[in-house]
Amino acid sequence: MDCPRFLELLHPWLDGELDLVNALEMERHSDGCGACLAESAALRDLKARLSHGALAFAAPPGLAARIRASLPVASPASVPPALPASDGSGSKRWRPWHRPRARLGAAGLVSALLALALGFWAMNAGFRRDALAGEMVACHVRSLQADHLFDVASTDRHTVKPWFTGKLDFSPPVADFSEEGFPLVGGRLEYLGGHPVAALVYRRHLHVINVFCWPAASGDNGRATPKTLQGYHVVFWSRDGFRLGAVSDLNAEELGQFVELMKR
Amino acid sequence: MDKPNAGTFESQVLPHLDAAFGLARWLVRSDTDAEDRVQDAYLRAWKSFAGFRGGDAKAWLLAIVRNACYTWLKSRRLENLSTPFDEEIHGPWDASDNPHARLALDRDRQAIRRAVEALPVEFREVLVLREWQGCSYREISEIADIPIGTVMSRLLRARERLHKSLARSGGEG
Ligand SMILES: [Zn+2]
């Protein structure tokens, strides 16, 4: 790699947009080229100054209530389909980045009947799990709405992990996955089913991932199929005696990648 | 899976209020104008929510916010084409506008915010989406409705300008 090529790729590199092969070449070049190393240091510095909330704004208090009050009473489902997007805001123009979610229709009915056929015991376990997933989604939404994502804001797991000491009678597994594109941003205390649990907060581009963690009850097999509630994906898994559950509006594929990292 | 209704709108679209307000605030550069644009955008979002077929609610909302802001900026530009941007009126540090923001921000942040405010709107937009919201290039290109190549060149130029103006105002930087 030569210097012009390095400078061409510098911003995408530090924005995490390069593939691994190119990123390694960038590293190798800046190791041996002082001028390019200085360029990348300057950009890193600028990016650091722009982070840590320097650009953040919070919505003024009361705006959410005013918005709720201003919306028409009728549910949007009863409004005729949006006009072609002449005002630039319609949905027609909008191309979803990810596969559109399957609509609940005949398939939903079939799976509901199937669930009935599977017997009451399965339903019962499912209900409990659904209730938990519902509670987790509510926690997730609340954390975004109330601007209360974390009690401890840090990308450093050595800060986040000790923070839970004394607040919980267990020590949750905390890891950072910035390198993989899922930076740890903080942690907070939550209550699920009336019990205190650890909530770890990660980001993936635009999306927040809340990971809830608590000690596994004995006999919990740890398996549960991923769910989608109110547009949020919920994934459960177990490791090292803990039960973990992730909630996010991130697409299912990337959330799956994240969970695989957490399982390692 | 969900049929659009008040509940799904509430849980999928309303949680992104801070992001919506922040983007509007950076685009129109005043708290009260940003509030109006966000309220307008939420109304538009509500009306077209029935046509929203999944995908990414936050990015979908930000695209609507952005359009609402641009429409408003254009109408204003026609109104007073010759009036330059007046920091006394529109500056973010106007105490009557938001006294808390003024107190809470340290000097470096203030310098940064001023420098970003001074960028042309097309540059502010990509920079804020990238550095505050952490959007990927692809997400920015969807929200701002521009090709990825344009995202990259605007981001590059925004940072070059910012770097220069911060070096000018902040000495060492
Ligand atoms: Zn070089």
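Two strands count as paired if DSSP finds at least two bridges between them. By that rule, E2(A) and E3(A) pair in the antiparallel sense, over eight bridges. The model is predicted. Chain A holds eight helices and seven strands. Of its 264 residues, 39% count as buried. Among contacts in chain A with a separation of 6 or more, 59% join residues 24 or more positions apart.

**The sheet**

- Seven strands of chain A form an open sheet in the order E1-E2-E3-E4-E7-E6-E5, with antiparallel pairing.
- E1 and strand E5 (227–229) stand at the edges, each with a single partner strand, so one side of each has no neighbour in the sheet.
- In general, the strands of a sheet pair through backbone hydrogen bonds, either parallel or antiparallel.

**E1, E2 and E3**

- Strand E1 (residues 152–153) of chain A runs antiparallel to E2(A), and two bridges join them.
- A:Ala153 has A:Gly186 in E2(A) as its bridge partner.
- Strand E2 (residues 184–192) of chain A is mostly covered, with seven of its nine residues buried.
- On the E3(A) side, A:Gly187 is bridged to A:Leu200.
- E2(A) and E3(A) form a hairpin with two residues between them.
- A:Gly193, in the turn of that hairpin, has a positive phi of about 55°.

**E4 and its two partners**

- E4(A) is mostly covered: eight of its nine residues are buried.
- With E3(A), E4(A) pairs in the antiparallel sense over seven bridges.
- A:Leu200 has A:Val211 in E4(A) as a bridge partner, and A:Arg203 has A:Val208.
- The hairpin of E3(A) and E4(A) has two residues between the strands, and A:His205 there takes a positive phi near 50°.
- E4(A) also pairs with E7(A), again antiparallel and over seven bridges.
- In that pairing, A:Asn210 is matched with A:Val247 in E7(A).

**Helix H8 against the sheet**

- Helix H8 of chain A covers residues 252–263, twelve in number.
- At 1.5 Å a residue, H8 should span 16 Å, and its end C-alpha atoms are 16 Å apart, which agrees.
- Which residues of H8(A) are buried? They are A:Glu254, A:Leu255, A:Phe258, A:Val259, A:Leu261 and A:Met262.
- These buried residues cover an arc of only 155° around the axis, which puts them on the same side of H8(A).
- An α-helix has 3.6 residues a turn, so residues three or four places apart point the same way.
- The buried residues of H8(A) pack against four strands of chain A: E3 (195–204), E4 (207–215), E6 (232–239) and E7 (242–248).
- A:Asn251 caps the N-terminal end of H8(A).
- In this cap, a side-chain oxygen of A:Asn251 lies 3.2 Å from the backbone nitrogen of A:Glu253.

**Cysteines**

- How many disulfides does the structure hold over all chains? The count is zero.
- A disulfide is a covalent bond between the sulfur atoms of two cysteines.
- A:Cys3 is partly exposed, with a relative accessible area of 33%.
- A:Cys213 is buried, with a relative accessible area of 0%.

Technical notes. Residues are numbered from 1 along each chain as its sequence is written. Chains are lettered from A and ligands numbered from 1 in the order in which they are written. This is a predicted model: local features need pLDDT of at least 70, side-chain atom pairs count only at pLDDT 80 or more; totals for chains, interfaces and linings use all residues. Side-chain values use heavy atoms; hydrogens and water are left out. The expected span of a helix is 1.5 Å times one less than its number of residues. Buried means under 20% relative accessible area, exposed over 50%, partly exposed in between (1.4 Å probe, protein chains only). The arc is that of the directions from the helix axis to the C-beta atoms. Contact means heavy atoms within 4.5 Å. A polar contact is a pair of N or O atoms within 3.5 Å; within protein, one must be able to donate a hydrogen and the other to accept it, and residues adjacent in sequence count only if both atoms are side-chain atoms. A disulfide is a pair of cysteine sulfur atoms within 2.5 Å.
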